[in-house]
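Please open the model in your viewer and keep the sequence panel at hand. The tour proceeds by selections, each followed by a description of what is found there.

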Amino acid sequence: MSPKTLYDKIWDAHVVHEDTDGTCLLYIDRHLVHEVTSPQAFEGLRMAGRKVRAPEKTIAVPDHNVPTTAGRENPENMTEDSRIQVAALDKNAKEFGIHYYPVTDVRQGIVHIVGPEQGWTLPGMTVVCGDSHTATHGAFGALAHGIGTSEVEHVLATQTLIQKKSKNMKVEITGKLLPGVTAKDIVLRIIAETGTAGGTGYVIEYCGEAIRDLSMEGRMTICNMAIEGGARAGLIAPDETTFEYVKGRPHAPKGAQWEAALNWWKTLYSDDDAHFDKVLTIEGESIEPTVTWGTSPEDALPISALVPAPEDFQGGKVDAVRRSLDYMGLTPGQKLSDIEVDTVFIGSCTNGRIEDLRAAAAVLKGKKVKDGMRAMVVPGSGLVRAQAEEEGLADIFKEAGFEWRLAGCSMCLAMNPDQLAENERCASTSNRNFEGRQGYKGRTHLVSPAMAAAAAITGKLTDVREMM
Amino acid sequence: MDKFEKLTGIAAPLPLVNIDTDMIIPKQFLKTIKRSGLGVNLFDEMRYDRQGNEIEDFVLNKPQYREAEILVAGDNFGCGSSREHAPWALKDFGIKAVISTSFADIFFNNCFKNGILPIVLPQEAVDTLMKDAEKGSNARMVVDLEEQTVTTSDGESFSFEVDPFKKHCLLNGLDDIGLSLEKVSSIDSFEEKASQARPWV
């Protein structure tokens with residue numbers, strides 16, 4: 001048998017039908033649903049008189065729109081259009097009989113945090129959701145990617161997707177990371193090297209010692225941003241760290257089924273001589289705490305660097321950088337560590353898990369945010385929030401001057417009231433620094449949770465290593 | 001879905017690279033439960049000031065491009081969020097084809113589900129088409145899906161690749177779900193086998 005990559009193995013296990021031109025019908029094991037990209041899909045089913053084929057494999061949770069402030073269980077506290085979308089999800093979940101975690105349920109949170117937390121996401125699965133950050137679930141060695149609403153409807157109706165296989169790409173991070181360097185810094189560095197289109201047409205497998213050494217939370221941060229590098233999906237081969245995380249989760253297999261599952265999961269790795277169409281290798285020790293300066297995630301540099309000039313680039317990127325610097329209000333040659341911020345956001349499906357909150361709290365302990373700083377922590381789920389309260393992290397955040405919010409997507413995409421005002425500048429643990437992403441004319445610098453905490457204290461982008 | 005007929009129309013130049021779906025349709029317009037009516041919000045933050053007045057020098061506000069049906073854009077068009085509201089907004093505005101050197105994966109797929117043809121061409125070809133688009137409404141570009149060609153107003157022609165299945169669906173306006181449901185017995189037997197092999201799923 002010819003050697004296979006991890007992606008090949010998962011793909012092969014899910015092909016329902018293959019046409020002569022390579023177009024496949026791929027079976028979907030888990031379908032995650034949220035309120036923004038699903039209403040039109042359910043409506044489509046209704047119009048065609050179709051049912052959800054596998055409601056037991058379909059999980060819904062409102063996250064994009066929901067307020068993160070107290071009293072949100074009262075629909076009166078939502079804007080009308082948000083209320084309508086959440087109500088539609090509520091109705092659709094009940095009517096079509098799918099699993100549902102409403103805002104009143106402590107398990108509610110960002111869909112990509114809830115899935116793994118509840119054990120819905122397991123190694124070797126195919127996982128889709130009408131959200132590009134579905135790539136997150138690849139951390140478990142699950143083939144996971146975002147889809148559009150038409151495809152959401154297709155999966156609801158058929159439990160399959162029409163797909164062509166992507167190419168294989170390997171990104172290896174060798175050796176150890178330096179102190180103060182986290183998963184977020186790794187992934188920003190990768191995107192800076194590949195560019196936001198470097199992964200287009202590929203599924204990326206992340207490997208190497210520095211990846212192996214990461215917790216599941218760190219691995220989820222890496223895979224989460226595979227999409228920011230343009231890849232269809234990111235993957236990390238499951239190992240003991242994965243099995244340890246999964247074991248005992250509410251929807252993880254138990255008893256004899258656990259053993260059977262484990263036997264299969266242990267075969268999920270890329271064979272030694274498997275072929276990759278593209279390979280990128282980065283030395284772990286060469287990665288520094290990294291921040292973005294522009295309006296594309298590829299605009300990332302070490303915190304020790306200077307703001308670049310348009311002339312440093314080529315082709316269409318020259319004009320794009322000119323536009324970015326204008327939008328961001330930055331000058332070429334300016335030190336990144338001199339950039340002042342007025343807002344700090346810790347949260348999102350990239351960095352809203354317990355380990356992220358621990359990393360930020362470790363920096364903040366006994367300190368205060370700078371005067372006038374608006375700082376906010378939005379835990380990724382109700383359970384992350386509860387755990388952080390139990391561990392005393394919530395008190396550290398509150399004493400430092402952070403707002404301690406309820407779970408949701410919040411200021412990552414600013415569909416709820418958590419938004420930047422014009423020209424406000426934010427150190428954000430989220431995943432996109434696009435124009436207007438966190439609010440009209442808002443300026444975003446992507447950073448790790450520890451770096452966000454450091455910025456909250458000093459009021460500017462700061463090398464967290466100076467505070468350790 | 002509408003069939004994609006041979007298209008002769010005005011092409012608008014948008015030479016910016018990495019145009020993301022947040023730019024194409026900002027988040028505040030995702031709070032709809034319909035697919036229609038988003039054309040007026042297409043490229044909202046580039047197209048209108050905060051008072052809702054049109055920004056004159058944005059390409060789709062210029063008189064010669066108001067009826068554009070083709071967009072010629074910079075690299076990596078449609079990156080970012082999976083929101084299908086992006087092709088819905090393009091379609092509702094009247095855009096039926098987008099030409100670039102590359103597209104983000106999810107956006108690319110979403111286009112085909114909505115009768116929009118995304119065309120990938122090499123940089124030189126896109127540069128020529130961009131120049132042609134800059135000529136304004138007197139210059140009509142022709143997109144022929146059957147023949148897989150784009151032709152400038154001067155008659156210069158470029159061939160493009162398109163996935164045969166996607167082409168077939170677009171030309172005939174076929175509904176994916178209907179097609180996949182024809183394979184329901186394959187799905188049934190896959191599920192039966194999979195539930196034996198991986199009962200924990």
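Which strands of chain A make up the open sheet of 3 strands, and in what order? The order is β1-β2-β8, and the pairing is antiparallel. Please bear in mind throughout that this is a predicted model.

**First selection: the sheet of chain A**

Select residues 15-18 and 160-163 of chain A to display β1 and β8, the edge strands, each of which pairs on one side only. From one strand to the next, the twist averages 20 degrees. Now add β2, residues 24-27 of chain A, which pairs with β8(A) in the antiparallel sense over 4 bridges. To locate one position in this pairing, label Cys24(A) and Gln163(A), which are bridge partners. As general background, strands of a sheet pair through backbone hydrogen bonds, in either a parallel or an antiparallel manner.

**Second selection: the helix of chain B that lies across this sheet**

Keep the three strands in view and add α8(B). This helix lies across β1, β2 and β8 of chain A, and runs at about 145 degrees to β1(A). In chain B, α8 covers residues 184-197 and supplies at least two residues of the side that touches chain A.

**Third selection: the contact between the chains**

Extend the view to the whole contact. Here, 47 residues of chain B are in contact with 58 residues of chain A. Besides α8, the helices α1 (21-24), α4 (105-112), α6 (164-172) and α7 (176-181) of chain B each supply at least two residues of the side that touches chain A. Colour that side of chain B by residue class: 20 of its residues are nonpolar, 11 are polar and 16 are charged.

**Fourth selection: chain B as a whole**

Hide chain A for a moment. Chain B contains 8 helices and 7 strands. Its C-alpha atoms fill a box of roughly 60 × 40 × 25 Å along the principal axes. Of the 201 residues in chain B, 45% are buried. Among the contacts in chain B with a separation of 6 or more, 67% are accounted for by residues 24 or more positions apart.

**Fifth selection: two packed helices of chain A**

Return to chain A and select residues 39-48 (α2) together with residues 149-158 (α5). How do the axes of these two helices cross, and within what distance do they come? The axes cross at roughly 50 degrees and come within 8 Å. At that angle α2(A) is oblique to α5(A), and the crossing is right-handed. Show side chains for Gln40(A), Ala41(A), Gly44(A) and Leu45(A) of α2(A), which meet Thr149(A), Val152(A), Glu153(A), Leu156(A) and Ala157(A) of α5(A). Sorted by class, this contact has 5 nonpolar, 3 polar and 1 charged residues.

**Sixth selection: a covered helix**

Select residues 354-364 of chain A. This is α13, a mostly covered helix in which 8 of the 11 residues are buried. The buried residues are Ile354(A), Asp356(A), Leu357(A), Ala359(A), Ala360(A), Ala361(A), Val363(A) and Leu364(A). Step just past the helix to Gly366(A), which takes a positive phi of about 75 degrees.

**Final selection: Asp90(A)**

Select Asp90(A), which is found in α3 (residues 80-96) of chain A. Why does Asp90(A) count as partly exposed? Asp90(A) is so classed because it has 17 C-beta neighbours inside 10 Å, whereas a buried residue would need 20 or more. Finally, draw a distance from Asp90(A) to Pro62(A): the two are 28 residues apart in sequence, and their C-alpha atoms are 8.6 Å apart in space.

How values were computed:
Residues are numbered from 1 along each chain as its sequence is written. Chains are lettered from A and ligands numbered from 1 in the order in which they are written. This is a predicted model: local features need pLDDT of at least 70, side-chain atom pairs count only at pLDDT 80 or more; totals for chains, interfaces and linings use all residues. Two residues are in contact if their C-beta atoms, placed from the backbone, lie within 7 Å. Ala, Val, Leu, Ile, Met, Phe, Trp, Tyr, Cys and Pro count as nonpolar, Asp, Glu, Lys and Arg as charged, and the others, Gly among them, as polar. Axes are lines fitted to C-alpha atoms, for helices over the stretch in contact, and angles run from 0 to 180 degrees between N-to-C directions. Angles under 35 degrees count as roughly parallel, over 145 as roughly antiparallel, 65 to 115 as roughly perpendicular and the rest as oblique. A crossing is left-handed if the near helix is turned anticlockwise from the far one by less than a right angle, and right-handed if clockwise. Two strands pair if DSSP finds at least two bridges between them. A residue is buried if 20 or more other C-beta atoms lie within 10 Å of its own, exposed if 12 or fewer, and partly exposed in between; C-beta atoms are placed from the backbone.
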